[in-house]
Amino acid sequence: MNSVAYFQRLASYNAWANRHVYEACAALPASELDAPRRAFFPSIMRTLNHILVGDRLWLSRLVGDPVAMPLDTILFGDFDELHEARITQDQAILDFTDGLTADIIASDLTYQSVLAGAYTMPRDLILGHMFNHQTHHRGQVSNMVLEAGGKVLEIDLVYYAREQL
C-alpha cells in the first residue's frame, strides 16, 4: 500500500472509530458526559472537545490556513452540536486525504505550536500524529464510558479492518 492510500485508510478508520465513540456516548445519561473523571481532560465532553480542537489545529496547518486556540477550548457544550461538528470534521479529514499526493506527503510543513515556537517537520509524521492523537484520546474516552456504565468500545484498527475489508 502506498502512503496516500495508507493515510486515506487512516482517515476512514478515524471516522469509523469516532462514530462508535459518539454512539456509545449518546447512550449515556447526559449527566455522565460532564461528570468529573480522572483523565487529562477531566470529563467525556472536555476530552471530545479536545480531540476536535486538535483536529482543527492540525488540519488547518496541513491545508495552509492555520487557526490558533488553546488546547482545552470548549468548542461545544452541547453533545449534539459537538457530534455534528465531529461528523463535519471527519468529512473534512476524508476530503483532505482524498487530495493527497505522494509529493505532498513527502514534503515538510512549518507550523507554529500552540505551546512553543515554530517547528518544521515531515508531513507524513504530522499526518501520523494527527491520527495517533485521536486514538490516544479515544482510549481515554473509552475508559470514561466504561466508568459511566457504558458499553465496551471495540475501536482498535483491527476491528475496523475486520468490518470494512
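A residue counts as buried under 20% relative accessible area, as exposed over 50%, and as partly exposed in between (1.4 Å probe, protein chains only). The exercises below use this scale on a predicted model, where local features need pLDDT of at least 70, side-chain atom pairs count only at pLDDT 80 or more, and totals for chains, interfaces and linings use all residues. Residues are numbered from 1 along each chain as its sequence is written, and side-chain values use heavy atoms, with hydrogens and water left out.

**Exercise 1. Place alanine 26 and find its distance from histidine 83.**

Step 1: Locate the residue. Alanine 26 belongs to helix α1, which covers residues 3-26. Helices here are DSSP runs of H or I with at least four residues, strands are runs of E with at least two, and both are numbered from the N terminus.

Step 2: Classify it. The relative accessibility of alanine 26 is 48%, so this residue is partly exposed.

Step 3: Compare sequence and space. Alanine 26 and histidine 83 are separated by 57 residues in sequence, yet their C-alpha atoms are 9.2 Å apart.

Step 4: Try another residue of the helix. Arginine 9 also sits in α1 and is partly exposed at 34% relative accessibility. From arginine 9 to tryptophan 58 there are 49 residues in sequence and 18 Å in space, C-alpha to C-alpha.

**Exercise 2. Work out which residues are linked with Arg86 in a network of salt bridges.**

Step 1: Set the criterion. A salt bridge needs a side-chain nitrogen of Lys or Arg within 4 Å of a carboxyl oxygen of Asp or Glu. The structure has 3 of them.

Step 2: Take the first partner. Arginine 86 bridges to aspartate 55, with 2.5 Å between the closest N and O atoms. Aspartate 55 is in helix α3 (residues 44-63) and arginine 86 in helix α4, so this pair ties together parts 31 residues apart in sequence.

Step 3: Take the second partner. Arginine 86 also bridges to aspartate 90, the closest N and O atoms being 2.8 Å apart. Here both residues lie in α4, separated by 4 residues, about one turn of the helix.

Step 4: Join the pieces. The network consists of Asp55, Arg86 and Asp90.

Step 5: Check the burial. Aspartate 55 and arginine 86 are both buried; arginine 86 has a relative accessible area of 2%, and aspartate 90 is buried at 6%.

Step 6: Look around the network. Glutamine 89 is another residue of α4 and is buried at 9% relative accessibility. Its C-alpha lies 7.6 Å from that of aspartate 55, across 34 residues of sequence.

**Exercise 3. Decide whether glutamate 32 and arginine 37, which meet in a salt bridge, are buried or partly exposed.**

Step 1: Confirm the contact. The side chains of glutamate 32 and arginine 37 come to 2.3 Å, N to O.

Step 2: Apply the scale to each. Glutamate 32 has 22% relative accessibility and is therefore partly exposed. Arginine 37, at 13%, is buried.

**Exercise 4. Describe how strand β1 is paired and which way its side chains point.**

Step 1: Find the partner. β1 (residues 108-112) runs antiparallel to β2 (residues 118-122), with 5 bridges between them. Strands pair if DSSP finds at least two bridges between them.

Step 2: Trace the connection. A hairpin of 5 residues leads from β1 to β2.

Step 3: Read off partners. Leucine 109 has methionine 121 as its bridge partner, and threonine 110 stands opposite threonine 120.

Step 4: Sort the faces. Leu109 and Tyr111 point to one face and are buried, whereas Asp108, Thr110 and Gln112 point to the other and are not.

**Exercise 5. Place leucine 75 and give its distance from alanine 85.**

Step 1: Locate it. Leucine 75 is in the loop between α3 and α4.

Step 2: Classify it. With 25% relative accessibility, leucine 75 is partly exposed.

Step 3: Give the separation. Leucine 75 and alanine 85 are 10 residues apart in sequence, and their C-alpha atoms are 9.2 Å apart.
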